[in-house]
Amino acid sequence: VTQVIAIIAVSLTALVSKAGALLLGFLLPRMHALALSAAGVFGRGYDRMAARYEPVLRAALRARGMVLGGATLAFFAAIALTGTVGQELIPEVHQGRFVMEVSLPVGTPLDRTVAAVTHAQNEIRLHPDVESVYAAIGTEGRADSRPDEGEHSARILVTLREGGDIERRQREAIETLRDRIDGLERLDVQVRPSSLFTVRTPVEVVVHGQDLLSLRATADAVVRRLQGIEGISDVRSSLVAGYPEVRVRYNRALLERFNLTTGQVAGALRDKIQGAEASRLAWGERRVDMVVRLVEADRNTLDNLERINVNPSLDPPIPLSAVATLEHAEGPSEIRRVGQRRAAVVGANLSGLDLAATSDAIHDALRGLDMAPGQEWSVAGQTLEMERSLESLTFALLLAVFLVYVIMASTFESLKHPLVILFSVPLAAVGVMPALAVTGSALSVVVFIGLIVLAGMVVNNAIVLVDRINQLRAADKTLAVDEAIVAAGRARLRPILITTFTTALGLLPLAMGVGAGAEIQQPLALTIIAGLVASTLLTLLVVPVVYRVAA
């Protein structure tokens with residue numbers, strides 16, 4: 001049996017090897033022909049470009065002012081496009097899942113919350129794109145739990161079915177489900193898409209003040225104004241309705257008449273409502289506290305609380321109503337401090353707006369807001385994170401350019417030639433900004449990372465060009481500067497184009513925006529490709545002209 005199995009295995013291996021060899025014999029000649037055809041197309045294109053490059057370069061050297069002026073205008077035109085591309089912190093990654101935070105009025109019992117959330121889950125499952133629904137009702141004591149969460153709130157995680165165009169499907173599902181859940185009785189909903197790099201909401205307005213009542217009124221006014229901005233949704237203030245409570249106001253004159261203190265009365269009231277530990281029972285290794293307090297029927301209404309005997313001596317009985325007044329009230333949902341100052345945070349989500357446009361719209365909407373003395377507001381959240389991140393990355397970009405200059409200066413042993421090479425760096429913006437504007441991409445942290453990468457990549461072509469010019473001039477002292485520039489351009493044109501287009505073609509799959517995480521990859525690849533191609537084409541003309549001016 002073993003020999004038969006071995007013979008079969010060897011036979012199958014031989015057949016597979018034979019089939020593989022036949023397949024390779026069929027494919028390799030055709031792949032070779034295809035590669036030769038592609039190389040022939042590139043070679044013919046290069047020959048035509050090389051034949052035209054030399055006269056164009058000579059014309060550029062004669063019209064130096066026109067070339068430098070055109071490059072300058074192109075650079076400033078690209079910079080002017082910055083205001084049209086928008087700004088954001090990180091491109092939103094559409095994972096086909098999002099969280100719906102639902103809440104009922106504060107104080108709603110857990111059983112009613114469970115019933116309402118179960119009804120909401122059934123409504124969500126009816127959507128054809130929904131694959132699964134998971135709900136966490138109440139508070140779990142997580143680090144990211146908010147003070148306004150409790151038995152009245154829940155988080156519903158919605159996962160969509162896999163398929164194409166997930167961005168459009170997720171946006172439509174959110175809009176449909178938000179309207180459907182908002183239509184349920186007394187149920188408030190806020191949708192929060194899953195985020196990879198930040199836990200801050202896209203829009204946050206922080207209102208500072210001391211008095212909680214006026215601070216809540218101002219926060220509510222901010223909510224109403226933000227709700228009027230198109231593209232902002234799920235507006236919510238951190239100062240929402242708090243838990244209902246009963247407040248006891250003591251009459252100190254009556255306390256003195258009955259020879260009582262506030263501490264005695266408050267202690268007696270606490271022991272009878274919350275309970276006092278009377279003893280402890282031992283049950284094996286377990287210890288069970290025995291707590292004595294009034295039965296539920298004697299403490300479940302305001303009238304029953306007023307009749308509680310607060311005399312520590314019990315006799316004569318002194319009801320609570322004899323020394324204090326009771327009133328229904330509402331406690332604060334939270335007391336938050338930002339920068340050691342009391343604050344209310346108004347948060348919201350975005351739909352169709354970038355962070356820069358949203359910040360401008362918020363400032364316009366809140367201009368002239370009536371606030372109490374000592375109150376002020378500021379924009380925070382991802383907008384503040386974006387401003388800080390872009391400032392840091394701008395500094396990193398400038399530092400990268402400086403380090404590149406230092407390395408080139410030490411290599412060339414010259415301060416002039418590295419400056420000539422650095423003229424290729426701003427030329428990258430001529431390609432980046434129009435590419436972002438055409439594709440609808442916003443200026444983000446990912447784009448800035450691409451710009452920092454470009455600072456080290458675009459100078460390579462200028463380095464090989466300037467270095468070749470210096471070699472030709474050093475080898476022949478009688479060679480004119482213009483002839484050295486033309487000869488260097490003719491010699492370096494092929495390696496410059498090959499380096500640029502192989503890099504661009506290698507990044508092309510990422511720039512096409514296909515696959516998971518395409519929202520992050522696409523702006524990075526697009527920035528590098530557009531900046532590298534534009535800088536290379538301009539470097540072939542502008543850098544030689546700058547070299548000629550500086551020579």
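Me: In this predicted model, how many bridges join S5 to strand S12?
Reply: The two strands, S5 and S12 (residues 342-350), run antiparallel. Within this pairing, Glu204 stands opposite Gly347 in S12. The number of bridges joining S5 to S12 is six.

Me: Which residue in S13 stands opposite Val205?
Reply: S5 also pairs with strand S13 (residues 376-380). That pairing is antiparallel and spans five bridges. Opposite Val205 in S13 stands Val379.

Me: Which residues point the other way from S5 than Val203, Val205 and Val207?
Reply: In a regular strand, side chains alternate between the two faces of the sheet. Strand S5 covers residues 203-208, and six of its six residues are buried. Val203, Val205 and Val207 point one way. The other way point Glu204, Val206 and His208.

Me: Is Phe76 buried or exposed?
Reply: Phe76 forms an edge-to-face aromatic pair with Phe75, 5.4 Å centre to centre and 70° between the planes. Phe75 has 24% relative accessibility, so Phe75 counts as partly exposed. Phe76 has 53%, and the cut-off for this class is over 50%. Phe76 therefore counts as exposed.

Me: At roughly what angle do the axes of H16 and H17 cross?
Reply: Two packed helices are described by the angle and the distance between their axes. Here the axes of H16 (residues 459-475) and H17 (residues 481-511) come within 8 Å. H16 passes H17 in a right-handed crossing. The crossing angle is roughly 145°.

Note on methods. Residues are numbered from 1 along each chain as its sequence is written. This is a predicted model: local features need pLDDT of at least 70, side-chain atom pairs count only at pLDDT 80 or more; totals for chains, interfaces and linings use all residues. Side-chain values use heavy atoms; hydrogens and water are left out. Axes are lines fitted to C-alpha atoms, for helices over the stretch in contact, and angles run from 0 to 180 degrees between N-to-C directions. Helices (H or I, at least four residues) and strands (E, at least two) are DSSP runs, numbered from the N terminus. A crossing is left-handed if the near helix is turned anticlockwise from the far one by less than a right angle, and right-handed if clockwise. Rings of Phe, Tyr and Trp (its six-membered ring) pair if their centres lie within 6.5 Å; planes under 30 degrees apart count as stacked, over 60 as edge-to-face and the rest as tilted. Buried means under 20% relative accessible area, exposed over 50%, partly exposed in between (1.4 Å probe, protein chains only). Two strands pair if DSSP finds at least two bridges between them.
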